[in-house]
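Trainee: I have a new model open and I'd like to learn how to read its helices. Could you walk me through it?

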Amino acid sequence: MEPLYHQTNKLIQDTQECFQQLNNSQVDVASVESEILSKITAVNANCERLDVFLYKVPVAQRQNAKMRVDQLKYDIRHLQAALRVWQEKKKRREIEISEREQLLNRRFTANTEMSIDIDYSVQHHNAMQNAHRGVDDMISSGGNILDNLRSQRETLKGAHKRIMDIGNTLGLSNQTMRMIERRVKEDKYVLFGGMFVTVTIIGLFLYYFVF
């Protein structure tokens, strides 16, 4: 595992040196970029092999070995991100150069005809009319909404009045029910009293006249 680790670490250092060459205008940037890509690919492949070798390392040394491999992975991810940033900058520079060349090579011709764009005025007039119609429609819709709200208010007023009437009726009904219940209780006392007096009279009659 150690030889492969050192080999991978050396590849990362070489890749970092290649990045320094990208800023040198005297070198072939395309070849340097291709070399960086190949080295990054080799480092990723070596990291995968190192992950396999980790299981063969003694348990006591495995944690330290894993930290070293993770550091290699972190370094190569950092280099990959740096390469993407450089490629994006290069692409923007190429687009700017292309646009500048197109602008410089464009030929301008004098306008020999003078004409009034009546269609634009007509389109503007039509757009204004459409806007006025839209405002009128909004005002009409708002009036309809207000009418509906007024109608709902009247309906709610009528419902509130009916609820108040029902409440008053329920209050009267409750009072009537209480009077009926009180009358039932009084009738019950009269019934029980009459039964008691009748039984007493029958008992006295039997006691004195029969026995």
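Mentor: Happy to. Start with burial: a residue counts as buried when its relative accessible area is under 20%, and as exposed when that is over 50%. Keep in mind that this is a predicted model.

Trainee: Let me try that on one residue. Is asparagine 46 buried or exposed?

Mentor: Its relative accessibility is 8%, so asparagine 46 counts as buried. You'll find asparagine 46 in helix H2.

Trainee: Which residues does asparagine 46 touch, not counting those up to four places away in sequence?

Mentor: Leaving out those sequence neighbours, asparagine 46 touches Leu4, Gln7, Thr8 and Leu11. Those four are also among the H1 residues that make the contact with H2.

Trainee: Let's zoom out, then. How many helices and strands does the protein chain have?

Mentor: There are 4 helices and 0 strands, so to speak an α-α-α-α run from the N terminus on. Burial can be read for the whole chain too: 13% of its 211 residues count as buried.

Trainee: And what do the contacts say about sequence separation?

Mentor: Take the contacts with a separation of 6 or more: residues 24 or more positions apart account for 71% of them.

Trainee: Back to the helices. How do I read the angle between H1 and H2?

Mentor: An angle over 145 degrees counts as roughly antiparallel, and one under 35 degrees as roughly parallel. The axes of H1 and H2 cross at roughly 160° and come within 9 Å. That makes H1 roughly antiparallel to H2. Their crossing is left-handed.

Trainee: Which residues make that contact?

Mentor: On the H1 side they include Leu4, Leu11, Ile12, Cys18 and Phe19, and on the H2 side Val32, Ile36, Ile40, Val43, Leu50 and Phe53. By class, the contact of H1 with H2 has 14 nonpolar, 5 polar and 4 charged residues.

Trainee: Now H2 and H3. At what angle do their axes cross?

Mentor: Roughly 155°, with the axes of H2 and H3 coming within 10 Å. H2 is therefore roughly antiparallel to H3. The crossing of H2 and H3 is left-handed. Sorted by class, the contact of H2 with H3 comes to 15 nonpolar, 3 polar and 6 charged residues.

Trainee: That leaves the pair H1 and H3. Are they roughly parallel or antiparallel?

Mentor: The packing angle of H1 and H3 is about 20°, and their axes are 11 Å apart. H1 and H3 are therefore roughly parallel to each other. Here the crossing is left-handed. Among the residues that meet are Tyr5, Ile12 and Phe19 in H1, and Leu72, Leu79 and Leu83 in H3. The contact of H1 with H3 splits into 7 nonpolar, 5 polar and 3 charged residues.

Trainee: How far does H3 reach from its first C-alpha to its last?

Mentor: To judge a helix's span, compare it with what you'd expect at 1.5 Å a residue. H3 covers residues 59-105, which is 47 residues, and reaches 69 Å, close to the expected 69 Å.

Trainee: Which residues in H3 are buried, and what covers them?

Mentor: The buried ones are Ala65, Val69, Leu72, Ile76, Leu79, Leu83 and Trp86. Their cover includes helix H1 (2-21) and helix H2 (29-54). Of these buried residues, Leu72, Leu79 and Leu83 also appear in the contact with H1.

Definitions and conventions
Residues are numbered from 1 along each chain as its sequence is written. This is a predicted model: local features need pLDDT of at least 70, side-chain atom pairs count only at pLDDT 80 or more; totals for chains, interfaces and linings use all residues. Side-chain values use heavy atoms; hydrogens and water are left out. Helices (H or I, at least four residues) and strands (E, at least two) are DSSP runs, numbered from the N terminus. The expected span of a helix is 1.5 Å times one less than its number of residues. Buried means under 20% relative accessible area, exposed over 50%, partly exposed in between (1.4 Å probe, protein chains only). Contact means heavy atoms within 4.5 Å. Axes are lines fitted to C-alpha atoms, for helices over the stretch in contact, and angles run from 0 to 180 degrees between N-to-C directions. Angles under 35 degrees count as roughly parallel, over 145 as roughly antiparallel, 65 to 115 as roughly perpendicular and the rest as oblique. A crossing is left-handed if the near helix is turned anticlockwise from the far one by less than a right angle, and right-handed if clockwise. Ala, Val, Leu, Ile, Met, Phe, Trp, Tyr, Cys and Pro count as nonpolar, Asp, Glu, Lys and Arg as charged, and the others, Gly among them, as polar.
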